[in-house]
Amino acid sequence: MSDTAMSDTAMSDTAMNDTAEHAEAHDHPTNRYFIWTAAVLALFTALETSTYWIDFGSFATPLLLILMTIKFFVILLVFMHLKYDSKLFGALFYIGLGLAIGVYVAALSTFQFFAG
Amino acid sequence: MFLGSECLLFGGLISTYMLYRGRHEGGPGPAQVFDIPLTSVSSFVLLMSSLTMVLAVNAAKVRDDRNTKLWLTVTALLGSLFVGGQVYEFTAFYKEGLGFTTSLFSSSFFTLTGFHGAHVGIGVMMLLALVAIISRDRVTGDKAEVVEMVGLYWHFVDVVWVVIFTLVYLIPA
């Protein structure tokens with residue numbers, strides 16, 4: 001094999017290794033990433049708790065629901081690894097979640113829970 | 001599948017609580033008994049236990065048994081701390097006149113949070129059992145996968161608390 005061909009092969013192998021490492025980095029988040037995620041979740045929890053002392057008026061309930069939803073999906077996608085898993089798992093989960101929410105919204109509606 | 005069935009269980013319990021939280025029929029209501037600062041600390045403790053759980057999973061993936069056991073033990077300790085906080089809260093509520101059968105609000109509240117606390121307790125036992133199994137090198141199959149499965153259960157328990165903390169404690173009735 002000529003020097004040029006060997007060099008091309010070596011560069012191709014290096015590029016393949018970089019791609020594999022990049023993919024692996026996405027498959028297995030580092031501890032530092034998890035710690036930052038936990039810090040963000042703690043910040044959101046502190047913000048939620050602040051509604052006990054600070055009067056947000058009519059914004060309190062929507063704010064709490066939004067923060068709850070964000071925390072729910074962050075734990076799901078990052079800590080439970082759904083972000084890095086097969087799309088099939090994500091689809092199965094979201095279909096199930098949607099069905100469950102639908103069932104309980106329907107159940108609560110029969111008791112006129114949303115009628116105020 | 002198992003976590004899906006647990007979602008349906010807690011969905012039903014949360015829905016029932018939301019229906020009955022205004023039904024305290026002369027007994028103490030949420031505003032009279034809830035200690036938000038204490039519950040916030042409990043929430044933070046459970047959140048941090050989710051962090052230590054993923055650190056355990058990461059350690060298991062690189063076959064670092066020492067750190068796997070360390071983080072699993074810390075997770076179990078934090079979970080126990082959470083359960084201890086719940087027990088303290090329940091006894092405080094009882095002393096303030098809120099028993100299981102006091103009102104529809106109290107029954108649905110204790111059922112919901114009691115079931116969640118039981119799930120955390122079972123999770124703690126699973127974590128400690130896993131530490132013991134790893135110590136004796138008795139894990140069958142892929143060790144990292146076993147730790148990850150236990151981790152999924154633990155994160156589920158945390159995610160349910162995220163919902164309970166907001167809907168039960170923080171959003172005013």
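**A partly exposed glutamate and a helix pair across two chains**

B:E89 is partly exposed in this predicted model, because 18 other C-beta atoms lie within 10 Å of its own, a count that falls between the limits of 12 for exposed and 20 for buried. The residue belongs to helix α4 of chain B, which covers residues 65–95. Leaving aside residues up to four places away in sequence, B:E89 touches B:D35 and B:L38. The C-alpha atoms of B:E89 and B:T39 are separated by 8.5 Å, with their positions 50 residues apart along the chain.

We can now turn to where the two chains meet. The contact takes 28 residues from chain A and 28 residues from chain B. On the side of chain A that touches chain B, α2 (31–50), α3 and α4 (87–110) each supply at least two residues. The largest share, 9 residues, comes from α2(A). By type, this side of chain A divides into 19 nonpolar, 7 polar and 2 charged residues.

One helix pair spans the two chains. Helix α3 of chain A (residues 60–79) and helix α6 of chain B (residues 143–170) have axes that come within 10 Å and cross at roughly 180 degrees. Angles over 145 degrees count as roughly antiparallel, and α3(A) and α6(B) are therefore roughly antiparallel to each other. From α3(A), the residues A:L64, A:M68, A:K71, A:F72, A:I75, A:L76 and A:F79 take part, meeting B:H155, B:D158, B:V159, B:V162, B:V163, B:T166 and B:L170 of α6(B). The residues of this helix contact comprise 10 nonpolar, 2 polar and 2 charged.

Conventions
Residues numbered from 1 in each chain as written. Chains lettered and ligands numbered in written order. Predicted model: local features only at pLDDT ≥ 70, side-chain atom pairs only at ≥ 80, totals over all residues. Axes fitted to C-alpha atoms, helices over the stretch in contact; angles between N-to-C directions. Helix = DSSP H or I, 4+ residues; strand = E, 2+ residues; numbered from the N terminus. Parallel < 35°, antiparallel > 145°, perpendicular 65-115°, else oblique. Contact = placed C-beta atoms within 7 Å. Nonpolar A, V, L, I, M, F, W, Y, C, P; charged D, E, K, R; others polar.
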